[in-house]
Amino acid sequence: MKTIQRTCIANFLIGFGSILNFSPAFSSPTVITLEDDIQNMNNDLKQLGDDIKEGISQITYEYRK
């Protein structure tokens with residue numbers, strides 16, 4: 001009887017946690033290497049530079065109209 005009660009409580013807590021969008025009960029973190037992290041940072045900075053350049057171009061175009 002105690003095993004069934006504990007299982008019910010555990011299932012209830014897992015369900016309640018999923019409603020509140022807590023991290024899953026059974027998950028393992030993804031491990032990335034330093035090289036992957038550096039590459040991701042470089043890609044983010046490149047995208048940021050492209051976005052800034054595009055924004056400046058749009059502002060310049062609107063100003064010249």
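**Exercise 1. Classify Thr33: is Thr33 buried, partly exposed or exposed?**

Step 1. Take the value: Thr33 has 41% relative accessibility.
Step 2. Apply the cut-offs: buried means under 20% relative accessible area, exposed over 50%, partly exposed in between (1.4 Å probe, protein chains only).
Step 3. Thr33 therefore counts as partly exposed.

This is a predicted model: local features need pLDDT of at least 70, side-chain atom pairs count only at pLDDT 80 or more, and totals for chains, interfaces and linings use all residues. Residues are numbered from 1 along each chain as its sequence is written, and side-chain values use heavy atoms, with hydrogens and water left out.

**Exercise 2. Place Thr33 and find its side-chain partner.**

Step 1. Thr33 sits in the loop between α1 (2-19) and α2. Helices (H or I, at least four residues) and strands (E, at least two) are DSSP runs, numbered from the N terminus.
Step 2. The side chain of Thr33 makes a polar contact with that of Asp36, at 3.2 Å. Such a contact is a pair of N or O atoms within 3.5 Å; within protein, one must be able to donate a hydrogen and the other to accept it, and residues adjacent in sequence count only if both atoms are side-chain atoms.

**Exercise 3. Describe the salt bridge of Lys46.**

Step 1. Lys46 pairs with Asp50 through their side chains, 3.3 Å from N to O. The rule asks for a side-chain nitrogen of Lys or Arg within 4 Å of a carboxyl oxygen of Asp or Glu.
Step 2. The two residues are about one helical turn apart, because they lie four residues apart in helix α2.
Step 3. Lys46 is exposed at 55% relative accessibility. Asp50 is partly exposed at 31%.
Step 4. The whole structure holds one salt bridge.

**Exercise 4. Sum up the chain.**

Step 1. Count the elements: two helices and zero strands.
Step 2. Of the 65 residues, 2% are buried.
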